[in-house]
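Biologist: I would like to learn how to read a structure feature by feature, with the general idea first and the particular case after it. Could you take me through one?

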Amino acid sequence: MTGRNRVPGGRRFRWALALGSAAALLGADAAPRDEAVAVAAMIRRVLASPQASARVTIERSDPFGGPPTRERGRMWFLPGRGLRYRSSEKGGQDVVIDRAKDAFLLYSPQEEVLYRGAYGRAPARLRRLIEEPEQEITSKLSPAAERRDVRGTPREGYRLGAAALGEKEGKVSVWVSRESGSGLPRFVSLASDVDTVLVEFREWRFDKKARPADLVSSAPKGIREEPLDPREFLERAGPGRSR
Amino acid sequence: MGCARVPPAASGADARARFLDTYARGEPASRGAGALSARRGTKRQGTLDLRWASSAESVVVVGFAGPVRALDATLLGESVYVALRPMDLGMAGLLPRNEGLGARGLRFLTRPWDFSSAWIHGALERTSVESVEKGYRLSGTIDSDRGTHPYSLDLDPKGDPKRLRIGRAGGEGTLIIVRYGPTRSYRGGRLPRWIEWEHGPSLLRLAVAEYARTTPGRLRHSPAADPEWEVMTLDDPRSRDLLRRFLGVGETGVEP
């Protein structure tokens, strides 16, 4: 077998896409159906809230037909300021995007390394979401009602246009479903030719005041730091040379 | 069906016969899952949640770091493709014939429980067997484009593999050591609970969680690289640097 875990941030985080699409749903005022409009109005308070957070369960398919795997964690979203995802699994990662601190951080407890990059290295979609949530969510959603089976239970939801997420049409299939009681996003499914990722959001919490402390990485002080983008590392080391 | 314990082999020849009967039958299309951890010297380098599938001369590996699909690796005959997704980085090309054990050797090393390839099966049938402490040792040579490699394979008293050492061509130093954990039964057959590859200062350990049969149709090869990715050839110095840094490929061997 080949491979190892030195694979920090970049532009293709599926969870980022999922979080981005969930946030996109929060302002889905372009939905053609009354229900979608009602849902959008109900959950718009997420965008109006200085800070939103939720527990998330990320379930991904086995590309070879085995059972899916799950990871649990928590997400914090501070419009205008940043985003964080922290896995609650043993040795799970902690990812922070903080605009005010010009930081894109990935803490890997297993490696005991904090990968550090500038804010500008964070996925462009997430940066747009942080900087311009209104513009990010109100364009190109093209929601279409669609019922799907989630873990054996049929759920009403909406298939979104991939363009809403900055993806080419046909490349990624995005589907979102809301919690029937609260109307808040509950499931987001992303299917591509690579795999399928299902993200479940629970226990949404909205704070009256943003708490930037929630964007502080859990990495211990003094931990070894490395550049987030290994290409920077290669360029610095020079072709064929070890650092 | 009971779960009768396998009695110890009566002799070295018996142990080898049992080993060949179990591990050299030829692996049908299979898939598996586990955790691959890496260490370089005393430094831990993290863990990947690994999925793999194989059929004939194809091996496909997908690695996840937390929720992130981080690695795609495909070995098709002599062609290899590795994608480090979060880096938007790929490496592709033909395996150099004169490096290590070559393509067939690498295919074996990705599934070091399958000794059915004629290349290594034949060598095992020709091997000498000696009794060692707590088992038997099969010793002999295998060939690559670089020359003849000495090897030794230690079996436990029941004929299950414990340790495989392959020397460098010409016999000086060690190319790689593979260690096998205790065998257990999975849905797809018997397999060690864990496997370790030691190459130079790099140590990879795969803890096998699941092993099952699949159909060749489930063998999805790596999707094409995105246009914005940088795809390097295997002989690009930066590819060599990455392989050396991450996997120890190109490192000096170690003594057992």
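Modeller: What follows goes from the overall make-up of one chain to its sheet, then to the cores, a helix and the charged pairs. Please keep in mind throughout that this is a predicted model.

Biologist: Let us begin with chain A as a whole: how many helices and strands does its secondary structure come to?

Modeller: The secondary structure of chain A comes to 5 helices and 12 strands. Of its 243 residues, 58% count as buried, and among the contacts in chain A with a separation of 6 or more, residues 24 or more positions apart account for 50%.

Biologist: How should I read the sheet, and in which order do the strands of chain A run in it?

Modeller: The general idea is that strands of a sheet pair through backbone hydrogen bonds, either parallel or antiparallel. In chain A there is an open sheet of 12 strands with mixed pairing, and its order is β7-β8-β9-β10-β11-β1-β2-β3-β4-β5-β6-β12. At the edges stand β7 (144–150) and β12 (224–227) of chain A, each with a single partner strand, so one side of each has no neighbour in the sheet. From one strand to the next, the twist averages 25°.

Biologist: Could we look at one pair of strands in detail, and in what sense do β4 and β5 of chain A pair?

Modeller: Strand β4 (residues 94–98) and strand β5 (residues 103–108) of chain A pair in the antiparallel sense, over 5 bridges. To place one of the residues, V95(A) has L106(A) in β5(A) as its bridge partner.

Biologist: Turning to the interior, which residues touch the most other members of the largest nonpolar core?

Modeller: In soluble globular proteins, nonpolar side chains tend to be buried together. Here the largest nonpolar core has 58 residues, of which F115(B), L153(B), L164(B) and W197(B) touch the most other members. A second, separate core of 33 residues includes V113(A), A122(A), I130(A) and Y158(A). To return to L164(B), its contacts beyond four places in sequence include F108(B), F115(B), Y151(B), L153(B), I176(B) and V178(B).

Biologist: Which residues of helix α3 of chain B are buried, and what covers them?

Modeller: A helix is best read by its turns: an α-helix has 3.6 residues a turn, so residues three or four places apart point the same way. In helix α3 (residues 118–125) of chain B, the buried residues are W119(B), I120(B), G122(B), A123(B) and L124(B). Their cover includes α1, α2 (102–110), β8 (135–144) and β9 (147–155) of chain B.

Biologist: Since α1 of chain B has come up, is G12(B) buried or exposed?

Modeller: G12(B) lies in helix α1 (residues 12–23) of chain B, and it counts as buried because its relative accessibility is 14%, the cut-off for buried being under 20%. Leaving aside residues up to four places away in sequence, G12(B) touches V129(B) and Y136(B). The C-alpha atoms of G12(B) and Y136(B) are separated by 6.1 Å, although the two residues are 124 residues apart along the chain.

Biologist: How many salt bridges does the structure hold, and how do I read a single one?

Modeller: Side chains of opposite charge can pair when their charged atoms come close. The structure holds 31 salt bridges over all chains, and one of them joins the side chains of R81(A) and D98(A), at 2.6 Å from N to O. This pair links distant parts of the chain, 17 residues apart, with R81(A) in the loop between β2 (69–78) and β3 (82–87) of chain A and D98(A) in strand β4 of chain A. Both R81(A) and D98(A) are buried.

Biologist: What are the accessibilities of R190(B) and D160(B)?

Modeller: The side chains of R190(B) and D160(B) meet in a salt bridge of 3.0 Å, N to O. R190(B) belongs to strand β13 (residues 189–192) of chain B, and D160(B) to the loop between β9 and β10 (161–167) of chain B, 30 residues apart. With a relative accessible area of 35%, R190(B) is partly exposed, whereas D160(B), with 6%, is buried.

Biologist: Which residue of chain B does the side chain of R60(A) contact?

Modeller: R60(A) lies in strand β1 (residues 51–60) of chain A and counts as buried at 8% relative accessibility. Its side chain makes a polar contact with the side chain of D49(B), at 2.4 Å.

How values were computed:
Residues numbered from 1 in each chain as written. Chains lettered and ligands numbered in written order. Predicted model: local features only at pLDDT ≥ 70, side-chain atom pairs only at ≥ 80, totals over all residues. Heavy atoms only, no water. Helix = DSSP H or I, 4+ residues; strand = E, 2+ residues; numbered from the N terminus. Buried < 20%, exposed > 50% of the residue type's maximum accessible area, 1.4 Å probe, protein only. Contact = heavy atoms within 4.5 Å. Core = buried A, V, L, I, M, F, W, Y, C linked by side-chain atoms within 4.5 Å. Pairing = 2+ DSSP bridges. Axes fitted to C-alpha atoms, helices over the stretch in contact; angles between N-to-C directions. Salt bridge = Lys/Arg side-chain N within 4 Å of Asp/Glu carboxyl O. Polar contact = N/O pair within 3.5 Å; in protein donor to acceptor, adjacent residues only side chain to side chain.
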